[in-house]
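This report introduces a structure to someone meeting it for the first time. It takes up helix packing and then the pairing of strands.

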Amino acid sequence: MVRKVVRSAKPKPVALYRELRTAMRGVCAVPRGSRILVACSGGPDSLALLIGLSELAKPLGFTLAVAHLDHGTRGAASRGDARAVERRARALGLPFVLGEVDAKIAMQTRKLSGEAGLRTLRLEFLRRAALEARASFIALGHTADDQAETVLFRLARGTGLRGMAGMRPRRGRWLRPLLAVTRAEVVEFLRARRATARTDRTNQDRRFARNRIRHETLATLRRVNPQAGPAIAAAAARLGELADLLNQLGRRALRRAEESSSEGGLTLVRSTLLRYHPIVRESALRQAWDRVSSGSGGLTRKHLTSVETLLQAGIGGSRVHLPAGRVARLDRGLLFLGGHAAKAASR
């Protein structure tokens with residue numbers, strides 16, 4: 001009797017796998033030999049990311065480690081999430097880093113709150129975990145639906161072009177290779193891999209703004225277009241490209257307008273700045289501010305509008321007060337941006 005030998009089939013390359021492979025070969029590509037820390041909550045998106053990257057690690061020449069933060073906000077369910085992620089990591093033969101924090105106490109102590117506070121705790125943990133795992137990159141499981149929620153949230157609060165561009169697939173060491181993937185494709189992938197994700201019931205809590213956007217706003221938009229989420233994400237990607245182009249133009253305008261720089265600030269030629277379109281000029285001023293403030297932020301649309309008015313009026317001695325005690329001062333055709341207006345007056 002001849003027995004037929006049945007070899008296990010390779011995993012089916014469903015849509016998520018194809019999109020992930022494209023991202024890891026393209027915009028999210030890392031040097032061969034790199035280690036990537038995968039942030040895994042145990043939910044569908046991050047679990048799909050972990051499994052997909054584990055299948056791509058050998059052919060693309062990188063290694064993985066897994067990190068999970070137990071916020072302590074859901075009692076036994078939180079501990080169950082941590083155990084599930086650890087079991088998955090061990091089954092894949094990957095190093096696992098567990099973080100534990102009482103989020104309520106930590107946020108009260110540090111005067112953090114809401115979703116933004118939890119996000120701060122997660123990112124801080126992931127930076128520490130990357131050091132422990134000796135990982136050069138950190139991968140997050142945000143999808144096209146997350147991107148759509150982010151863009152709608154920022155639009156509702158008021159944002160500029162950079163905000164409308166949403167999350168970027170790569171920002172320094174942070175990778176988001178699933179931004180072109182829908183939640184439906186995540187479900188399809190997990191079904192094909194016979195993997196069961198954990199369920200976080202807080203994702204249904206409509207006290208959180210993002211959950212209201214997910215379950216109400218996007219649900220309404222899908223009645224107009226069933227693919228509203230991916231459509232918004234695709235538009236955000238295009239806006240990201242425009243934002244990159246605008247940054248390049250602003251950087252060029254700043255370079256040409258710069259008269260001098262010092263520890264006290266920057267001195268820019270007014271007439272050179274005025275040659276550029278107001279949008280490019282705004283980008284140049286934002287980048288100048290980042291240099292002066294060491295990237296500490298704080299510059300608002302109101303500040304930029306005031307500086308624009310100052311430039312257009314061209315009245316020597318005029319000034320605008322900026323965050324952290326800094327000023328923008330116009331004198332003899334030069335715009336001084338920094339902490340001590342007296343330096344500009346002495347020129």
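A crossing of two helices is called right-handed if the near helix is turned clockwise from the far one by less than a right angle, and left-handed if anticlockwise. With that convention in hand, the reader can turn to the model, which is a predicted one.

**Helix α1 and its two neighbours**

The crossing of α1 and α2 is right-handed. On the side of α1, this contact is made by Leu16, Tyr17, Leu20, Arg21, Met24 and Arg25, while α2 contributes Ala48, Leu49, Gly52, Leu53, Glu55, Leu56 and Leu60. Sorted by character, the residues of the contact of α1 with α2 comprise nine nonpolar, one polar and three charged. Helix α1 spans residues 15-25 and helix α2 residues 44-60, and their axes come within 10 Å, crossing at roughly 55°; the two helices are therefore oblique to each other.

Helix α1 also meets helix α8 (residues 183-192), and here the axes come within 8 Å and cross at roughly 110°, so that α1 and α8 are roughly perpendicular to each other. Ala15, Leu16 and Tyr17 of α1 make this contact together with Glu185, Val186, Glu188 and Phe189 of α8. Its residues divide into five nonpolar, no polar and two charged.

The values for the two helix pairs are set out below.

| Helix pair | Axes come within | Crossing angle |
|---|---|---|
| α1 and α2 | 10 Å | roughly 55° |
| α1 and α8 | 8 Å | roughly 110° |

**The open sheet of five strands**

Strands of a sheet pair through backbone hydrogen bonds, either parallel or antiparallel. In this model, an open sheet of five strands follows the order β7-β8-β11-β10-β9, with antiparallel pairing. Strands β7 (258-262) and β9 (319-321) stand at the edges with a single partner strand each, so one side of each has no neighbour in the sheet. From one strand to the next, the twist averages 10°.

Within this sheet, β8 (residues 265-269) pairs with β11 (residues 334-338) in the antiparallel sense over five bridges. Threonine 267 has phenylalanine 336 of β11 as its bridge partner, and glycine 265 stands opposite glycine 338 in β11. Strand β8 is also joined to β7, by four bridges and again with the two running antiparallel; serine 261 stands opposite leucine 266 in β8. The connection between β7 and β8 is a hairpin, made through two residues. As for its surroundings, β8 is mostly covered, with five of its five residues buried.

**A parallel pair elsewhere**

Strand β1 (residues 35-39) has four of its five residues buried, so this strand is largely enclosed by the rest of the structure. Strand β1 runs parallel to strand β2 (residues 63-70), to which five bridges join it. One of the residues concerned is valine 38, whose bridge partner in β2 is valine 66.

Terms used:
Residues numbered from 1 in each chain as written. Predicted model: local features only at pLDDT ≥ 70, side-chain atom pairs only at ≥ 80, totals over all residues. Heavy atoms only, no water. Axes fitted to C-alpha atoms, helices over the stretch in contact; angles between N-to-C directions. Parallel < 35°, antiparallel > 145°, perpendicular 65-115°, else oblique. Contact = heavy atoms within 4.5 Å. Nonpolar A, V, L, I, M, F, W, Y, C, P; charged D, E, K, R; others polar. Pairing = 2+ DSSP bridges. Buried < 20%, exposed > 50% of the residue type's maximum accessible area, 1.4 Å probe, protein only.
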